Amino acid sequence: MAPIVSIRNLAKTYGNGFQALKGVNLDIGKGEILALLGPNGAGKTTLISIVCGLVNPSDGQVLVGGHDVVRDFRRTRAMIGLVPQELTTDQFETVWNTVTFSRGLHGKKADPARIEAILRDLSLWEKRENMLRELSGGMKRRVLIAKALAHEPEILFLDEPTAGVDVNLRREMWQVVERLRKDGVTIILTTHYIEEAEEIADRVGVINGGELLLVEDKTALMRKLGRKELRLELAEPLGALPPGLDSYNVALAEDGGALIYEYQGEAEQGRIATLLGSLAAQGIEFRDLSTRQSSLEDIFVELVGQRA
Ligand SMILES: Nc1ncnc2c1ncn2[C@@H]1O[C@H](COP(=O)(O)OP(=O)(O)OP(=O)(O)O)[C@@H](O)[C@H]1O
């Protein structure tokens, strides 16, 4: 199936000469949830802004639904909903009017039933006559989403949707995203929270210094780059690594109280039995054992060299 968003050799150099994007290629399939991870200043917002037609690319091309985002701006923009990081709407306007106005902006006919459904879905219905300034921070976030959905876009961009919101609201927002996915909406979100990507994305892209370092199916990424660690708490501490373990990636913990075996993939996992056998043969006993798998966060830190 043709991608709904196709990004080719996209580059952006700002007026001051800063190169924010350096030749990004990315295809996004209809109905998928893609999380873009990257540290501050990586180029995430620039990328989103170009796809949404708010910033012009210096080079390359973006097609949305097969249409060029520069030449066919109105058409592509109507297909997209954008949830920005901050609310810039009139604080003295009501929730109902704000969301209704957004629909009109994209040239869609008024549809109060549709607006009602969106507000109910986002638990904003009771607040429809309230002014934005009367809402809590979390409610304002929801209004941003409602505004972005008012014209029934096929693609939704969420720029750091849950930055600074509490855990409960974050979980609620994830549920909203899940419902939208069921309706077939394609979702691209940028996030600093690896947990968020881990929880809701189908694919994860890592962007740093204006380059897309990788984009991969989340589970495959975890399988490919994720390492596992087996930790054996020793009955008696050791002064040095026992002989005969050279062929394993085994290390002695700093206090000598544990052996740590790092492995990746099924073949190395299969060697655990022989490793344990070899320890037993040397009379090395252990009193406890635990395993841990590296998280998306570990993978990210390894790739980018810093935390998101
Ligand atoms: N209008 C502009 N003029 C010059 N430089 C800009 C402009 N907008 C952004 N930049 C620079 O481009 C780089 C990428 O910015 P961008 O906002 O795309 O990053 P980001 O990944 O979204 O970061 P954050 O996570 O902090 O939002 C940054 O170094 C930023 O300072």
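This report covers the ligand shell, two strand pairings, a sheet and a helix contact in a predicted model.

**Ligand shell**

Around the ligand stand Tyr14, Asn16, Phe18 and Ala20. The shell also includes Gly38, Asn40, Gly41, Ala42 and Gly43, followed by Lys44, Thr45 and Thr46. Sorted by class, these residues comprise 7 polar, 4 nonpolar and 1 charged. Helix 1, residues 44-51, supplies the largest share of the shell, with 3 residues.

**Strand pairings**

Strands of a sheet pair through backbone hydrogen bonds, in either a parallel or an antiparallel sense. The table lists two pairings of this model.

| Strand pair | Sense | Bridges | Opposed residues |
|---|---|---|---|
| Strand 1 (residues 5-13) and strand 2 (residues 19-28) | antiparallel | 7 bridges | alanine 11 and lysine 22 |
| Strand 11 (residues 228-234) and strand 14 | antiparallel | 7 bridges | glutamate 233 and aspartate 288 |

Strand 1 and strand 2 make a hairpin, and 5 residues lie between them. In the turn, glycine 17 has a positive phi of about 90°. Two residues of the ligand shell, Asn16 and Phe18, are listed around the ligand, and glycine 17 belongs to the turn of the hairpin.

**Sheet**

The pairing of strand 11 with strand 14 belongs to an open sheet of 4 strands, whose order is 12-13-11-14 and whose pairing is antiparallel. At its edges are strand 12 (250-252) and strand 14 (286-293), each of which pairs on one side only. From one strand to the next the twist averages 20°. Within this sheet, glutamate 233 faces aspartate 288 of strand 14 across the pairing.

**Helix contact**

How do helix 3 and helix 5 lie relative to each other, parallel or perpendicular? The axes of helix 3 (residues 95-105) and helix 5 (residues 137-149) cross at roughly 30° and come within 7 Å. Angles under 35 degrees count as roughly parallel, and the two helices are therefore roughly parallel to each other. Their crossing is right-handed.

From helix 3, the residues in the contact are Val95, Thr98, Val99 and Ser102. These meet Val143, Ala146 and Lys147 of helix 5. By class, the contact residues of helix 3 and helix 5 divide into 4 nonpolar, 2 polar and 1 charged.

Key. Residues are numbered from 1 along each chain as its sequence is written. This is a predicted model: local features need pLDDT of at least 70, side-chain atom pairs count only at pLDDT 80 or more; totals for chains, interfaces and linings use all residues. Axes are lines fitted to C-alpha atoms, for helices over the stretch in contact, and angles run from 0 to 180 degrees between N-to-C directions. Angles under 35 degrees count as roughly parallel, over 145 as roughly antiparallel, 65 to 115 as roughly perpendicular and the rest as oblique. A crossing is left-handed if the near helix is turned anticlockwise from the far one by less than a right angle, and right-handed if clockwise. Two residues are in contact if their C-beta atoms, placed from the backbone, lie within 7 Å. Ala, Val, Leu, Ile, Met, Phe, Trp, Tyr, Cys and Pro count as nonpolar, Asp, Glu, Lys and Arg as charged, and the others, Gly among them, as polar. A residue is near a molecule or strand if its C-beta atom, placed from the backbone, lies within 6 Å of it. Two strands pair if DSSP finds at least two bridges between them.
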